[in-house]
Amino acid sequence: MSTHDELNSSEGTANEGPTHFLKQHIEKDLAAGKVESIVTRFPPEPNGYLHIGHAKAIWINFGLANQFKGVCHLRMDDTNPEKEDTEYVEAIKTDIQWLGYEWFGPVRYASDYFEDFYKYAQELIKTGKAYVCQLTPDEIREYRGTLTSPGKNSPYRDRPAEESLALFAEMREGKHKEGTACVRVKIDMSSPNINMRDPVIYRIRFAEHHQTGDKWCIYPMYDYAHCISDAIEGITHSLCSLEFEDHRPLYDWILDNITIECHPQQIEFARLNPNYMITSKRKLKKLVDGEYVSGWNDPRMPTISGLRRRGYTPGALRKFCEATGVSKANGVIDAGLLEWAIRDDLDSSAPRAMCVLDPIKVTISNYDEDKVENLELSAHPKDESFGKRKLNFTKEVWIDRQDFMEDAPKKFFRLAPGKEVRLRGSYIIKCDEVIKNEQGEVVELICSYDPDTLGKKPEGRKVKGVIHWADVKSSVPVEVRLYDRLFSVPSPEAADENGVVKEFTENLNPESLKVVHGYLEADCAEKLKANPEIGAFQFEREGYFVTDSIDSSADKLIFNKIVSLKDSWEKVK
RNA sequence: UGGGCUGUAGCCAAGCGGUAAGGCAGCGGGUUUUGAUCCCGCCAUGCGGAGGUUCGAAUCCUCCCAGCCCAGCCA
């Protein structure tokens with residue numbers, strides 16, 4: 001993590017940060033004395049890695065709890081053992097802590113409450129509000145009706161409670177096969193809300209559970225388990241995404257029909273939906289399993305672990321969440337906003353360095369062969385506390401191919417035949433000669449320097465361009481991985497303009513990773529050797545880069561490009 | 001065509017009957033040994049549409065239109 005990383009952004013009091021409907025809702029409840037303090041929860045299912053969308057949910061739940069001096073629980077919503085794994089619970093914990101949040105008490109699991117769920121189901125059966133249904137899954141679907149036509153009652157709906165109770169016990173004992181029996185709650189088969197048409201609350205699964213092992217072969221459904229888990233934990237505000245709006249009547253129904261005092265309030269908000277990304281765990285898993293990326297933490301992945309490896313900071317992610325706002329309107333967030341957030345965060349916190357990514361050699365004809373000048377440049381243009389960095393100026397230096405043009409337009413403020421440019425922190429040089437290979441490619445530039453321009457403006461002319469460079473002798477060869485957006489279209493999952501829905505993997509950006517070999521100023525390499533955890537650097541005029549947490553070593557530095565600097569020259573071109 | 005929800009600038013978003021905040025993007029200018037940063041200015045007679053109520057409507061009422069979600073023994 002960066003030495004300049006600030007963990008506490010705008011959280012502390014409820015008055016800070018922008019207001020939004022959830023905040024107002026909580027303020028009202030607090031003011032009315034409805035609750036004394038708030039308890040929220042973040043309830044991920046451990047069936048995949050957390051992504052940027054979860055970061056938003058985390059920011060909302062933990063952030064609100066912090067702002068109102070309440071607490072937030074972390075609860076694994078682990079009611080479907082077939083899809084879940086401890087690998088994911090570990091990753092989830094790591095990601096939340098990395099984001100800078102602390103859950104209250106132990107990590108909780110819905111599976112901690114399996115016995116409670118069972119008892120409450122027994123209660124519902126006893127009071128005639130639930131029954132064991134032995135329709136097949138296909139029949140249940142048929143009986144459910146459609147969006148526009150009502151369903152019809154299961155023939156098992158009115159069987160005696162004792163019979164259901166006995167069957168339920170048998171289900172628990174493993175005496176029934178998967179799909180042959182389930183528990184349903186008795187509500188209304190003609191409800192316009194399909195979730196209320198006698199929803200299933202328990203199903204049989206002979207699956208090993210990552211927390212409870214083979215203790216159970218019946219597992220509760222989300223709608224049944226979630227509200228009760230919330231109530232058991234004394235959650236005051238159960239915040240979830242919009243698609244659960246239709247489930248709220250069921251959430252309330254369950255709690256109203258069992259003997260439990262606490263009745264949390266479910267409130268829905270719009271989930272984060274950034275363009276040029278996908279946030280479907282199923283599809284992200286496909287990218288990993290299909291080896292389209294190197295893993296869940298591939299620096300191009302929108303996962304928290306991917307963003308972390310890419311070089312994103314917790315502060316930038318929080319800034320991004322705050323900038324996107326909280327509402328009930330389903331919208332699309334421009335991926336550019338995430339880039340703005342990390343640039344904004346790193347501008348003040350990243351020390352500067354120079355790294356030439358596409359080297360072309362420059363020989364200073366009027367500079368002595370063995371001369372080495374020790375120059376000094378500040379490590380941050382606006383913050384003295386970053387100190388100075390040392391540069392060696394020698395007869396041969398590298399500059400970037402992009403900073404030279406043979407036929408340069410007037411607006412090109414860089415090197416061109418006969419033109420002058422400033423080598424950042426050093427002298428002004430003039431291009432006298434262009435050396436090409438047989439293919440006609442420029443391989444070297446012969447330049448002359450003006451010895452009277454170190455630390456001062458040249459006499460009688462103005463040189464607008466400043467380019468970065470690295471001396472041939474002391475600079476360090478490094479590998480740099482240039483990342484770009486994983487997808488080349490804004491909506492990788494949507495139909496194109498012809499209404500054709502392609503497989504989302506067809507929309508992968510073939511240019512999302514380019515590996516180049518460049519030369520890094522020695523000072524930066526030394527800093528990294530002394531402190532590998534130093535965090536991101538700004539490679540001046542290029543962007544922000546961080547050493548790859550997995551592949552980089554002191555002997556072989558490997559950098560990930562986090563994001564480029566804003567480039568107005570790109571627009572002029 | 002049942003139910004739920006949402007429409008304020010290119011993208012987010014505040015606004016809660018008193019005359020359209022803010023951020024991002026964009027545009028113009030200034031500073032600058034990073035075409036970065038920073039600073040200044042511009043950017044909705046308009047709030048999905050049409051009516052209505054009112055001295056006054058993005059806010060209230062009526063109708064209409066568009067988009068999203070729901071028919072897993074997934075969450």
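**RNA strand B and the second largest pocket**

In this predicted model, 69 residues surround RNA strand B, and the closest are Thr-324, Ser-327, Arg-352, Lys-382 and Phe-413.

Reader: Which parts of RNA strand B account for the atoms that come within 4 Å of the protein?
Author: Sugar and phosphate account for 67% of those atoms.

Reader: What makes the approach of Asn-80 to RNA strand B a polar contact?
Author: A polar side-chain atom of Asn-80 lies 2.7 Å from a sugar or linking oxygen of the strand. A pair of N or O atoms within 3.5 Å counts as a polar contact, so this pair qualifies. By the limit of 3.5 Å, Asn-330 also qualifies, because an N or O atom in its side chain is 3.1 Å from a sugar or linking oxygen of RNA strand B. For Val-332, a polar backbone atom is 2.7 Å from such an oxygen.

Reader: Which elements give two or more residues to the surface near RNA strand B?
Author: They are α5 (137-144), β6 (200-204), α12 (335-349) and α14 (568-572). The largest share, four residues, comes from α5. By class, this surface has 24 nonpolar, 19 polar and 26 charged residues.

Reader: What lines the second largest pocket?
Author: Its lining consists of 36 residues; Glu-45, His-54, Phe-244, Arg-271 and Lys-281 lie nearest its centre. The volume of this pocket is about 1,100 Å³. Helix α2 gives the largest share of the lining, five residues.

Reader: How do you know that two domains take part in this lining?
Author: The lining draws at least three residues from each of domain 1 (113-223) and domain 2 (274-347 + 477-520 + 542-573).

Key
Residues are numbered from 1 along each chain as its sequence is written. Chains are lettered from A and ligands numbered from 1 in the order in which they are written. This is a predicted model: local features need pLDDT of at least 70, side-chain atom pairs count only at pLDDT 80 or more; totals for chains, interfaces and linings use all residues. Side-chain values use heavy atoms; hydrogens and water are left out. A residue is near a molecule or strand if one of its heavy atoms lies within 4 Å of it. A polar contact is a pair of N or O atoms within 3.5 Å; within protein, one must be able to donate a hydrogen and the other to accept it, and residues adjacent in sequence count only if both atoms are side-chain atoms. Ala, Val, Leu, Ile, Met, Phe, Trp, Tyr, Cys and Pro count as nonpolar, Asp, Glu, Lys and Arg as charged, and the others, Gly among them, as polar. On a 1 Å grid over the protein atoms alone, a cavity is a set of points where a 1.4 Å probe fits but cannot get out, and a pocket is an open set with protein on both sides within 12 Å along at least five of seven lines; lining residues have an atom within 4 Å of a point. Grid points are joined across faces, edges and corners, and a volume is the space filled by probe spheres set on the points. Domain bounds come from an automatic or database domain assignment.
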